[in-house]
Amino acid sequence: MAMLALALSGCGVGRVAPQAALFDLGPEPAASAQLPARQPIVLAFSAAPSLSDTGVIWRVADSTAPKAYAGFRWSEAPASLVRQRLQERLSQEGAVLADGAGTGAPQLRVTLTRFEQVFAADGSSSQGQVVLQAVLLQDGKILGQRRFAAQAAAPTQDAAGGVAALRQATDAAAEQLAAWLPTVLPQSAG
């Protein structure tokens, strides 16, 4: 029996597993809207625990069983990629400070709750779906809160198509968030 186990374990000797294809959100796009300058904010970002892994997640319709593509990974966890993209986008109108900066600036708490490719039940189409929950606080008082849901059609029904759709949906959600901030931030005296 030990000989059989040893023989079977040797079948993979000398073989190297193929490298996983790595994806990120690509270069930062130009802002679609020219927004007024705003005061500095503190960005506190968190994500659902399932988004701390680097797998490219997909599901069929309303299935409760998400899956990850084999051989396709994000270069970093989606939580990290989306936080970086939000920081890049929000920095176009004013400073975005790290959480814990202790400046008294308004704090924007953003939670990434969904970041996945969702296929139609028949598999004929799919879309990237991104959902953010944002709460703006200052001195312990809630200035505003809103849920941002963005989706984009995938150009192909595979991992690369899902990644392209998630890039577009992430950028759309970041634009929505950037446009919302001036409506809830206190006006600067000046």
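Helices (H or I, at least four residues) and strands (E, at least two) are DSSP runs, numbered from the N terminus. With that in mind, open the model, which is a predicted one, and start with the whole chain.

**Stop 1: the whole chain**

Colour by secondary structure and follow the chain from its N terminus. The protein chain holds three helices and eight strands, and their order is α-β-β-β-β-α-β-β-β-β-α. Of its 190 residues, 38% count as buried. If you look at contacts between residues at least 6 apart in sequence, 70% of them join residues at least 24 apart.

**Stop 2: β3 and its two partners**

Select residues 55-60, which make up strand β3, together with residues 67-74, strand β4. The two strands pair in the antiparallel sense, over three bridges. To find one of these pairings, pick G55 and look across to R73 in β4, its bridge partner.

Next, walk along the turn. β3 and β4 form a hairpin with six residues between them. A61 sits in the loop between these strands and deserves a click: its phi is near 45°, a positive value in a residue other than glycine. Is A61 buried, partly exposed or exposed? With a relative accessible area of 28%, A61 is partly exposed.

Now add residues 107-119, which form strand β6. β3 and β6 run parallel and are joined by three bridges. Put R59 and V118 on display, and you will see R59 standing opposite V118 of β6.

**Stop 3: a salt-bridge network**

Keep R59 on screen and show the side chains of R114 and E116 as well. These three residues are linked in a network of salt bridges. Within it, the side chains of R114 and E116 meet at 2.7 Å, N to O. Switch on a surface to see how they sit: E116 counts as buried because its relative accessibility is 6%, while R114, at a relative accessible area of 27%, is partly exposed. In total, the model has seven salt bridges by the rule used here.

**Stop 4: R89 and its two acidic partners**

Move to R89 and show its side chain with those of E93 and E175. R89 and E93 form a salt bridge, at 2.9 Å from N to O. R89 also forms one with E175, where the closest N and O atoms are 2.7 Å apart. That second pair links distant parts of the chain: R89 belongs to helix α2 (residues 78-90) and E175 to helix α3 (residues 159-184), 86 residues apart.

Why do R89 and E175 both count as buried? Buried means under 20% relative accessible area, and R89 comes out at 4%, with E175 at 15%. E93 falls under that cut-off too, at 10%.

Stay with E93 for a moment. E93 lies in the loop between α2 and β5 (96-98). Leaving aside neighbours within four places in sequence, E93 is in contact with L35, P36, A37, R38 and A178.

**Stop 5: α2 against α3**

Hide everything but the two helices. Two packed helices are described by the angle between their axes and the distance between the axes. For α2 and α3, the angle is about 45° and the axes are 10 Å apart. That makes α2 oblique to α3. The crossing of the two is right-handed.

To light up the contact, select these residues:

- from α2: V82, R85, L86, R89 and L90;
- from α3: T170, D171, A174, E175, L177, A178 and L181.

You have met several of these names already: R89 and E175 are in this contact and also share a salt bridge. A178, listed on the α3 side, is in contact with E93 too.

**Stop 6: the β7-β8 loop and the segment after α3**

Select D139, in the loop between β7 (126-138) and β8 (141-153). D139 has a positive phi of about 50° although it is not a glycine. Is D139 buried or exposed? At 73% relative accessibility, D139 counts as exposed.

Finish with P186, found in the segment after α3. Which residues does P186 touch, not counting those up to four places away in sequence? They are Q39, Q138 and L143. Draw a distance between the C-alpha atoms of P186 and Q138: the separation is 9.5 Å, for residues 48 apart along the chain. P186 itself is partly exposed, with a relative accessible area of 34%.

Definitions and conventions
Residues numbered from 1 in each chain as written. Predicted model: local features only at pLDDT ≥ 70, side-chain atom pairs only at ≥ 80, totals over all residues. Heavy atoms only, no water. Pairing = 2+ DSSP bridges. Salt bridge = Lys/Arg side-chain N within 4 Å of Asp/Glu carboxyl O. Buried < 20%, exposed > 50% of the residue type's maximum accessible area, 1.4 Å probe, protein only. Axes fitted to C-alpha atoms, helices over the stretch in contact; angles between N-to-C directions. Parallel < 35°, antiparallel > 145°, perpendicular 65-115°, else oblique. Left-handed = near helix turned anticlockwise from the far one by under 90°. Contact = heavy atoms within 4.5 Å.
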